[in-house]
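Here are my notes on this one, written as numbered points. Have the model open while you go through them.

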Amino acid sequence: MEQFVEITPQEAWRMVCDEEAVLLDIRDLQRFTYSRPKGAFHLTNQSYGQFQDMCDFDEPVIVSCYHGISSRNIAQFLVEQGYERVYSVKGGFDGWVRAELPIETAY
């Protein structure tokens, strides 16, 4: 894969469940802490090394942001770093919530 692929929130959740895809949330810490897709890893500049340690280049990686725009840039960056199966969630976390997929909250 030389470029990332955009997928729906439903496709992303299926990949998390069926293929053990790594789901990355790139939103700010406050919003991530408040609520996030179930099982999401908070990817930041500071946590990138931890992500690299936990994820092999051939594992599916899914990037989610607020509305599905910023995740495209991060997804392309990950492709350029050598990750082979990279996806961006259409509609981001907003789309995830509208699709009524599982979330985790601080409460």
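**Notes on the model**

1. Let's start with a threonine. At 25% relative accessibility, T44 counts as partly exposed (the classes are buried under 20% relative accessible area, exposed over 50% and partly exposed in between, with a 1.4 Å probe and protein chains only). T44 sits in the loop that runs from strand 4 (41-42) to helix 3 (48-54). Its C-alpha atom is 8.7 Å from that of D25, with the two positions 19 residues apart along the chain.

2. Some housekeeping before going on. This is a predicted model, in which local features need pLDDT of at least 70 and side-chain atom pairs count only at pLDDT 80 or more, while totals for chains, interfaces and linings use all residues. Residues are numbered from 1 along each chain as its sequence is written, and side-chain values use heavy atoms, with hydrogens and water left out.

3. Now the fold. There are five helices and seven strands in the chain, where helices (H or I, at least four residues) and strands (E, at least two) are DSSP runs numbered from the N terminus. Going along the sequence, you read β-α-β-α-β-β-α-β-α-β-α-β.

4. How does the overall size look? The radius of gyration is 12 Å, which agrees with the value near 13 Å for a compact globule of 107 residues (taken over C-alpha atoms; the rule is 2.2 Å times the number of residues to the power 0.38). The C-alpha trace spans about 35 × 25 × 25 Å along its principal axes.

5. On packing, 43% of the 107 residues count as buried. Taking contacts (heavy atoms within 4.5 Å) with a separation of 6 or more, 71% come from residues 24 or more positions apart.

6. The accessible surface of the chain is about 6100 Å², and carbon and sulfur atoms hold 47% of that (Shrake-Rupley method with a 1.4 Å probe; for residues, only the protein chains shown count as cover). As for charge, I'd note 9 positive and 17 negative side chains, with the centres of the two sets 9 Å apart. Here Lys and Arg count as positive and Asp and Glu as negative, with His and the chain ends not counted; the charges are placed at NZ of Lys, CZ of Arg, CG of Asp or CD of Glu.

7. From the record: UniProt lists residues 17-105 as "domain: Rhodanese" in an unreviewed entry. Positions are given in the numbering used here, feature names are shortened, and annotations may be inferred rather than shown by experiment. Over residues 17-105 the chain is 38% helix and 25% strand, with 19 Å between the end C-alpha atoms.

8. Which residue does the UniProt "active site" annotation cover? In that unreviewed entry it is C65, found in the loop between strand 5 (60-64) and helix 4 (70-80). C65 counts as buried because its relative accessible area is 1%. Leaving out residues up to four places away in sequence, C65 touches I26, R27, S70, S71, G92 and F93. The C-alpha atom of A106, 41 residues away along the chain, is 18 Å from that of C65.

9. Last, two backbone angles to look at. E20 has phi near 55 degrees, a positive value in a residue other than glycine; E20 belongs to the loop between helix 1 (9-19) and strand 2 (22-25) and is exposed at 65% relative accessible area. E100 also isn't a glycine, and its phi is positive at about 60 degrees. E100 lies in the loop between helix 5 (92-98) and strand 7 (103-105), and it counts as exposed because its relative accessibility is 71%.
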